[in-house]
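Student: I have the sequence and the structure open. Can we go through some questions on them?

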Amino acid sequence: MDTLTDALNSIVPSTAPSGSDQSSTEDKMLIWNEASIHLKRLVHDWTEEIEQTKVRRETRDVNVDIEDLRQRGDLDEDETLVPVRVIDTNIQREQPAYINYLKNSRRLCTFNCLSEPDMDTQKLENDFTRGMTYTGWEKDHYKCLDGAQTHGWDSVEVVLDETKPLNVAIEHIGHDNLFFPRSNINIQFAPRIIRKYDMTLSQLDKFVSKYGFSATQVGQLKAARKDTQKETETLMVYKCFFKKEGQVFVSWFSLEHGVDDWL
């Protein structure tokens with residue numbers, strides 16, 4: 001399980017281009033027509049993994065509709081089927097140890113002062129633990145643990161949240177909502193990382209007024225869905241992280257309905 005913020009704030013890999021070549025490559029990441037080619041390719045590369053994720057979820061739950069099986073002739077009237085959810089049972093059997101470690105620890109983090117190694121940091125640790133154990137704090141940790149056990153890995157993001165005591169929150173991403181180059185052996189060296197969201201048009205309207213999203217681009221999305229069955233459905237919106245001169249840049253985009261610039 002990886003904390004996305006830690007990965008993104010790491011150093012730029014030594015294998016990256018240097019000088020003007022690196023600057024030119026990074027500048028292209030800011031131009032929609034240049035960047036969108038790579039963004040579409042990266043999202044498309046995860047199509048197979050997304051399908052496999054759905055299969056693993058279905059295999060784990062083994063949802064069975066007895067009446068449907070009988071209507072299709074797969075079961076006779078005097079037959080039934082009792083699924084044995086071995087995968088789900090094994091995952092849930094392993095979870096209590098992790099959950100106990102998370103919830104029963106006296107502190108969530110330990111601190112050491114570099115300039116004064118003997119300084120007592122207990123008060124800082126206690127305050128940090130109280131601030132990060134806000135109402136419902138454990139739910140996203142549970143989701144991440146469950147996803148990692150089901151799919152092999154999962155992730156969370158540290159996000160700004162002014163409703164929380166320390167103005168930050170831990171937010172579960174989901175195994176099939178985080179995209180990075182499949183050939184990377186270390187996520188910290190990925191030139192781009194993309195997180196997928198499912199948003200409604202009303203949410204995007206709020207992003208226009210609150211965060212300065214492009215009213216023109218959001219308007220294209222709204223116009224394409226106006227008076228259709230999909231008007232109230234969610235659409236896929238992506239947040240892209242990339243590094244430029246050692247800093248992490250964040251951009252938002254959509255690949256639906258002919259959007260032709262950053263959101």
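Student: Is Lys196 buried or exposed?

Tutor: Keep in mind that this is a predicted model. The relative accessibility of Lys196 is 12%. Buried means under 20%, so Lys196 counts as buried.

Student: Which side chain meets that of Lys196 in a salt bridge?

Tutor: The N to O distance of the pair is 3.6 Å. The partner has 46% relative accessibility and counts as partly exposed. The partner of Lys196 is Asp198.

Student: Why do β4 and β7 each have one side without a neighbour in the sheet?

Tutor: The open sheet has 4 strands in the order β4-β5-β6-β7, with antiparallel pairing. β4 (178–179) and β7 (247–253) each have a single partner strand, so one side of each is left without a neighbour, because both stand at the edges.

Student: Over how many bridges do β6 and β7 pair?

Tutor: Strand β6 covers residues 235–244, and its pairing with β7 is antiparallel. Phe241, for example, has Val250 in β7 as its bridge partner. The number of bridges over which β6 and β7 pair is 7.

Student: What angle does helix α9 make with β5?

Tutor: Helix α9 spans residues 201–211 and packs on the sheet, where it touches β5, β6 and β7. Its direction and that of β5 make an angle of about 120 degrees.

Student: How many residues apart in sequence are the parts that Asp205 and Lys222 tie together?

Tutor: The side chains of Asp205 and Lys222 meet in a salt bridge at 3.2 Å, N to O. Asp205 lies in helix α9 and Lys222 in helix α10 (residues 215–225), so the pair ties together parts whose separation in sequence is 17 residues.

How values were computed
Residues numbered from 1 in each chain as written. Predicted model: local features only at pLDDT ≥ 70, side-chain atom pairs only at ≥ 80, totals over all residues. Heavy atoms only, no water. Pairing = 2+ DSSP bridges. Helix = DSSP H or I, 4+ residues; strand = E, 2+ residues; numbered from the N terminus. Contact = heavy atoms within 4.5 Å. Axes fitted to C-alpha atoms, helices over the stretch in contact; angles between N-to-C directions. Salt bridge = Lys/Arg side-chain N within 4 Å of Asp/Glu carboxyl O. Buried < 20%, exposed > 50% of the residue type's maximum accessible area, 1.4 Å probe, protein only.
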